[in-house]
Amino acid sequence: MSVTHISSSEFKAAVLESEQPVLVDFFAEWCGPCQMMAPVLEELSEQYPQISVVKIDSDEAANLAMTYQIDSIPAFLLFQNGRPVKRVIGAMPMEALAMRLGL
């Protein structure tokens, strides 16, 4: 699988209504650590094809960032059955991210 960029209008269908787990990356274009995580997320999406990986710009989707209490980026929320079940903050290697997400 690959990483998909979504907008706030696509969030409900792509994340909340997904039948498979979804990892949401709240990021910003200006955020250096967020940019460093792009290849890590691509690798994670290849290693764990059972998980959908999406990116959403926290500046453009400020309402969603506020709803999910995103106060530091990059922030990763793992959703299952439409609910966030894990939260990880910060840049890290793929193995560390997978471990913190319980994959």
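The following exercises, each with a worked solution, concern a predicted model.

**Exercise 1. The disulfide**

Determine which residues a disulfide joins, what its handedness is, and whether its two cysteines are buried or exposed.

Solution. Begin with the sulfur atoms: the cut-off for a disulfide is a separation within 2.5 Å, and C31 and C34 are joined with an S to S distance of 2.4 Å. By this rule the count for the model comes to one disulfide. Next, take the torsion about the S-S bond of C31 and C34, which is about 80°, so the disulfide is right-handed. Finally, consider accessibility, for which buried means under 20% relative accessible area: C31 has 5% relative accessibility and therefore counts as buried, and C34, with a relative accessible area of 2%, is buried as well.

**Exercise 2. The aromatic cluster**

Work out how F11, Y68 and F79 are linked by ring pairs, and where in the chain these residues lie.

Solution. A search of the whole structure gives three aromatic pairs. One of them is formed by F11 and Y68, whose ring centres are 5.7 Å apart and whose planes make an angle of 45°, a tilted arrangement. Since F11 belongs to helix 1 (residues 11–16) while Y68 sits in the loop between helix 3 (62–67) and strand 4 (75–80), the pair ties together parts that are 57 residues apart in sequence. Both residues are buried, F11 at 2% relative accessibility and Y68 with a relative accessible area of 15%. F11 also pairs with F79, here edge-to-face, at 5.8 Å centre to centre and with 80° between the planes. This second pair likewise links distant parts of the chain, from F11 in helix 1 to F79 in strand 4, 68 residues apart. F79 is buried too, its relative accessible area being 1%. Taken together, the ring pairs link F11, Y68 and F79 into a cluster.

**Exercise 3. Helix 2**

Describe the span of helix 2, locate its kink, and identify what its buried residues pack against.

Solution. Start with the span: helix 2 comprises 16 residues (32–47) and reaches 24 Å from its first C-alpha to its last, which is close to the 22 Å expected at 1.5 Å a residue. Then follow the axis, where a kink of about 35° is found at A38, shortly before the proline P39. For the packing, note that C34, M37, V40, L41, L44 and S45 are buried in this helix. An α-helix has 3.6 residues a turn, so residues three or four places apart point the same way. The elements against which the buried residues of helix 2 pack are strand 2 (22–27), strand 3 (52–57), strand 4 and helix 4 (94–101).

**Exercise 4. E29 and its surroundings**

Establish where E29 lies, whether E29 is buried or exposed, and which residues E29 touches beyond four places away in sequence.

Solution. E29 is placed in the loop between strand 2 and helix 2. Its relative accessibility is 53%, and because exposed means over 50%, E29 counts as exposed. Leaving aside residues up to four places away in sequence, E29 touches Q35 and D57. The C-alpha atoms of E29 and S58 are separated by 9.2 Å, although these residues are 29 residues apart along the chain.

Definitions and conventions. Residues numbered from 1 in each chain as written. Predicted model: local features only at pLDDT ≥ 70, side-chain atom pairs only at ≥ 80, totals over all residues. Heavy atoms only, no water. Buried < 20%, exposed > 50% of the residue type's maximum accessible area, 1.4 Å probe, protein only. Phe/Tyr/Trp six-rings, centres within 6.5 Å; stacked < 30°, edge-to-face > 60°. Helix = DSSP H or I, 4+ residues; strand = E, 2+ residues; numbered from the N terminus. Expected span 1.5 Å × (residues − 1). Bend = angle between axes of the 7 residues up to and from the residue. Contact = heavy atoms within 4.5 Å.
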